[in-house]
Amino acid sequence: MSDAAWLALEPMLQSRGRHVRDVRQVFEGIAYEHRADVPWREIPTVFGPWQTLYAKYARWREDGTWTKLTSAT
């Protein structure tokens with residue numbers, strides 16, 4: 001993801017609750033899972049623990065953030 005694209009998405013990902021160390025890394029890991037269509041457990045560890053990625057994705061999907069993010073890209 002380009003820096004310009006990230007700057008457009010970042011405001012939608014302001015932390016509400018527990019802080020994720022690198023939100024961009026988490027977002028890119030979730031996007032990787034969707035693009036590659038792989039099981040969560042097979043996401044490369046460079047994106048962080050798959051459990052963190054899945055938990056954040058589930059939260060964003062539930063609160064509508066994921067829909068906003070995917071409509072903005």
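**What share of the 73 residues of the chain counts as buried?**

Start with the cut-offs. Buried means under 20% relative accessible area, exposed means over 50%, and partly exposed lies in between (1.4 Å probe, protein chains only). By this rule, 33% of the 73 residues count as buried.

Some ground rules apply to every exercise. This is a predicted model, where local features need pLDDT of at least 70, side-chain atom pairs count only at pLDDT 80 or more, and totals for chains, interfaces and linings use all residues. Residues are numbered from 1 along each chain as its sequence is written, and side-chain values use heavy atoms, with hydrogens and water left out.

**Exercise 1. Find the elements of the chain and the confidence in them.**

Step 1. Helices (H or I, at least four residues) and strands (E, at least two) are DSSP runs, numbered from the N terminus. The chain has four helices and zero strands. Read from the N terminus, the order is α-α-α-α.

Step 2. Now take pLDDT, the predictor's confidence in each residue, from 0 to 100. Its mean over the chain is 87, and 88% of the residues reach 70 or more.

Step 3. Rank the elements. Helix H1 (residues 3-9) has the lowest mean pLDDT, 83. Helix H3 (residues 50-63) has the highest, 94.

**Exercise 2. Check the length of helix H2 and describe its two ends.**

Step 1. The expected span of a helix is 1.5 Å times one less than its number of residues. H2 covers residues 23-36, which makes 14 residues and an expected 20 Å. The end C-alpha atoms are 20 Å apart, so the two values agree.

Step 2. Look at the N-terminal end. Asp22 caps H2 there, with a side-chain oxygen 3.2 Å from the backbone nitrogen of Arg24. This is a polar contact (a pair of N or O atoms within 3.5 Å; within protein, one must be able to donate a hydrogen and the other to accept it, and residues adjacent in sequence count only if both atoms are side-chain atoms).

Step 3. Go past the other end. H2 is followed by Asp37, which lies in the loop between H2 and H3. Asp37 is not a glycine, yet its phi is positive, about 55°. Asp37 is exposed, with a relative accessible area of 66%.

**Exercise 3. Work out what H2 buries.**

Step 1. List the buried residues of H2: Val23, Val26, Phe27, Gly29, Ile30, Ala31 and Glu33.

Step 2. Ask what covers them. The cover includes H1, H3 and helix H4 (65-72).

Step 3. Zoom in on Ile30. Contact means heavy atoms within 4.5 Å. Not counting residues up to four places away in sequence, Ile30 touches Trp40, Leu53, Lys56, Tyr57, Trp60 and Trp66.

Step 4. Place Ile30 in a wider group. A nonpolar core is a set of buried Ala, Val, Leu, Ile, Met, Phe, Trp, Tyr and Cys residues joined through side-chain atoms within 4.5 Å. The largest one has 16 residues, and those with the most contacts inside it are Phe27, Ile30, Leu53, Trp60, Trp66 and Leu69. H1, H2, H3 and H4 each give two or more residues to this core. H2 gives the largest share, four residues.

**Exercise 4. Classify two aromatic pairs.**

Step 1. Rings of Phe, Tyr and Trp (its six-membered ring) pair if their centres lie within 6.5 Å; planes under 30 degrees apart are stacked, over 60 edge-to-face, and the rest tilted. The whole structure holds seven aromatic pairs.

Step 2. Take Tyr32 and Phe47. Their centres are 5.5 Å apart and their planes are at 35°, a tilted pair. Tyr32 lies in H2 and Phe47 in the loop between H2 and H3, so the pair ties together parts 15 residues apart in sequence. Tyr32 is partly exposed at 24%, while Phe47 counts as buried at 15%.

Step 3. Take Trp40 and Tyr57. Their ring centres are 5.4 Å apart and their planes are at 35°, so this pair is tilted. Trp40 sits in the loop between H2 and H3, Tyr57 in helix H3, 17 residues apart. Trp40 and Tyr57 are buried.

**Exercise 5. Describe the surroundings of Leu13.**

Step 1. Leu13 lies in the loop between H1 and H2. At 9% relative accessibility, Leu13 counts as buried.

Step 2. Leaving aside neighbours within four places in sequence, Leu13 is in contact with Trp6, Val23, Trp60, Thr65 and Leu69.

Step 3. Check one partner. Leu13 and Val23 are ten residues apart along the chain, and their C-alpha atoms are separated by 7.5 Å.
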